[in-house]
Amino acid sequence: MSKYVAAIDQGTTSTRCIIFDRQGNIISVGQKEHQQIYPQPGWVEHDLEEIRQNTLEVIAQARIKASILASDIVAVGITNQRETTAVWNRRTGKPYYNALVWQDTRTGELVNQFSQDGGQDRFRAKTGLPLATYFSGLKLRWLLDNVAGLREDAERGDAIFGNMDTFLIWHLTGGANGGTHVTDVTNASRTQLMNLETLQWDDELLAIFEIPKSMLPAIKSSSEIYGNVVLDVLPNVPIAGDLGDQHAALVGQTCFEPGQAKNTYGTGCFMLLNTGTELKASTQGLLTTVAYQFGNQPVCYALEGSVAIAGALVQWLRDNLGMIQKSSDVEELAQAVEDNGGAYIVPAFSGLYAPYWKADARGVIAGLTRYVNKNHIARAVLEATAYQTLDVMQAMEKDADIELKSLRVDGGMVANNTLMQFQADMLDVPVVCPAVTETTALGAAYAAGLAVGYWQNFDDLRQNWGIAQTWTPQMGDDRRTKLYKGWQKAVERSFDWED
């Protein structure tokens with residue numbers, strides 16, 4: 001009987017289970033969307049119980065579709081939306097509150113409070129991260145300050161914290177009956193509570209943020225056996241891989257060499273550059289983060305440019321404005337015109353992330369004239385993602401002192417040919433899409449498979465990587481310069497909107 005590896009991809013809009021074979025081919029997929037909860041402007045939440053149930057459903061779906069027995073699966077890996085913050089009771093498994101999603105901006109006042117002494121980069125030397133609403137540490141502090149009874153339970157050791165990887169591993173390995181409370185170095189590096197050099201929770205940061213250490217999971221490597229699933233959906237299958245989604249995509253794209261970079265086009269847009277075992281501090285507004293760590297091997301680091309709104313802007317066009325019925329319709333609209341008609345959209349819905357880090361920025365549409373129509377708006381929506389990626393790539397090249405020769409891409413938006421061609425034109429380098437675009441789930445599968453010997457080494461993984469399509473630049477320098485200058489002017493208009 002064939003043997004497989006399963007990956008649970010717990011994302012911002014849906015949860016999926018994908019089953020892969022040894023060649024990295026997709027055998028089966030189960031997927032289910034979950035509710036996006038917006039209690040107030042800038043607040044974004046997820047129902048933890050809904051996601052837990054969906055996870056069990058999609059595992060069953062994936063197995064049933066391909067008639068795969070649990071005994072056919074040698075390991076399962078988990079990848080997750082990072083920074084999204086959960087707290088639940090160790091004894092009952094019951095959440096204290098909805099998960100605070102990475103896009104949530106309610107911690108803005110805490111950012112200002114902690115920035116007063118030492119500025120936005122106060123903790124950057126230790127954590128690689130600026131003070132921002134993005135990261136888990138301040139979200140956890142907000143929950144401790146605002147959820148009745150939580151701090152008391154935390155001090156008593158009953159309330160525990162985790163990102164979505166930790167939450168799911170705990171439940172799958174037994175929950176209140178001995179569930180394993182762990183995370184990996186990549187997810188821990190996004191909390192702003194872990195020291196990047198020691199790879200341990202930092203006592204000084206915990207004291208400053210007033211977070212009880214007993215709440216925190218044990219930090220492990222990205223590829224080792226954390227425990228076995230005790231539930232009927234995957235009985236006795238070891239959970240052996242754990243990577244934040246963007247780190248998993250880096251692994252799935254087999255970017256194992258320093259200088260290799262990938263960009264994932266999903267709800268947001270995330271470019272990671274492997275810097276090897278060297279911890280590179282950013283001076284250009286990027287994040288220093290853990291790339292991955294396999295078992296006992298040395299940890300590898302990365303520079304990351306995080307963009308909050310990419311595919312979410314297309315969803316906004318669909319759901320809020322009603323200009324399209326389904327996300328894929330945006331391309332047909334955009335193709336009806338040759339350019340953006342002078343219009344630019346800066347999607348700073350929750351502030352601007354890399355390389356600007358402007359929490360007070362808000363979205364703007366600039367350059368409007370009577371000439372601009374819905375086709376130009378659709379084109380401007382797509383172009384916004386490409387411009388934001390160019391912002392990040394320029395910062396990355398300055399920080400790392402290298403020139404990128406090509407960019408490996410993945411995520412839902414790579415299906416949009418118009419966007420990918422414009423991206424190659426703006427970056428002025430080839431944009432390369434792999435044969436298997438589900439690189440996030442594939443990376444989690446690779447981590448799990450390596451831990452149990454299903455794959456032996458990186459060379460096994462590199463052999464699986466094939467190219468589906470390459471877009472090469474076709475735009476002249478003058479036109480590229482003019483378009484980008486318009487974008488930069490539009491970005492400046494978005495600054496300092498919120499008081």
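These legends go with close-up views of a predicted model.

**View 1. Helix α1 packs against helix α6.**
Here we zoom in on α1, residues 48-65, and α6, residues 164-172. The two helices pack at an angle of about 60°, and their axes are 11 Å apart. Angles of 65 to 115 degrees would count as roughly perpendicular, so this pair is put down as oblique. As for handedness, α1 passes α6 in a right-handed crossing.

**View 2. The side of α1 that meets α6, residue by residue.**
From α1 come Leu 48, Ile 51, Arg 52, Thr 55 and Leu 56. Their partners in α6 are Met 164, Phe 167, Leu 168, His 171 and Leu 172. Sorted by class, this contact has 7 nonpolar residues, along with 2 polar and 1 charged.

**View 3. The largest cavity holds about 70 Å³ of space.**
The model has 2 cavities of 30 Å³ or more, and this view shows the largest. Part of its lining comes from Val 307, Ala 308 and Ile 309. Pro 347 lines the cavity too, as do Gly 351, Leu 352, Tyr 353, Ala 354 and Tyr 356. Gln 388 and Asp 391 are also in the lining. By class, the lining residues of this cavity split into 8 nonpolar, 2 polar and 1 charged.

**View 4. The second largest cavity has about 30 Å³ of space.**
Look here for Gly 252, Pro 434, Val 436 and Leu 442, which line the cavity together with Tyr 446, Asn 464, Trp 465 and Gly 466. The tally for this lining is 5 nonpolar and 3 polar residues, with no charged ones.

**View 5. The second largest pocket offers about 170 Å³ of space.**
Its lining takes in Gln 284, Pro 355, Tyr 356, Asp 391, Gln 394, Ala 395 and Lys 398, plus Tyr 484, Gln 488, Val 491, Glu 492 and Phe 495. Two or more lining residues come from each of these elements: α12 (374-400) and α16 (477-494). As for class, the pocket lining has 6 nonpolar, 3 polar and 3 charged residues.

**View 6. Tyr 356 and Asp 391 line both the largest cavity and the second largest pocket.**
If you've been following the residue names, you'll have met this pair before. Tyr 356 and Asp 391 are among the residues lining the largest cavity. They turn up again in the lining of the second largest pocket. The space in question is about 70 Å³ for the cavity and about 170 Å³ for the pocket.

How values were computed:
Residues are numbered from 1 along each chain as its sequence is written. This is a predicted model: local features need pLDDT of at least 70, side-chain atom pairs count only at pLDDT 80 or more; totals for chains, interfaces and linings use all residues. Side-chain values use heavy atoms; hydrogens and water are left out. Axes are lines fitted to C-alpha atoms, for helices over the stretch in contact, and angles run from 0 to 180 degrees between N-to-C directions. Helices (H or I, at least four residues) and strands (E, at least two) are DSSP runs, numbered from the N terminus. Angles under 35 degrees count as roughly parallel, over 145 as roughly antiparallel, 65 to 115 as roughly perpendicular and the rest as oblique. A crossing is left-handed if the near helix is turned anticlockwise from the far one by less than a right angle, and right-handed if clockwise. Contact means heavy atoms within 4.5 Å. Ala, Val, Leu, Ile, Met, Phe, Trp, Tyr, Cys and Pro count as nonpolar, Asp, Glu, Lys and Arg as charged, and the others, Gly among them, as polar. On a 1 Å grid over the protein atoms alone, a cavity is a set of points where a 1.4 Å probe fits but cannot get out, and a pocket is an open set with protein on both sides within 12 Å along at least five of seven lines; lining residues have an atom within 4 Å of a point. Grid points are joined across faces, edges and corners, and a volume is the space filled by probe spheres set on the points.
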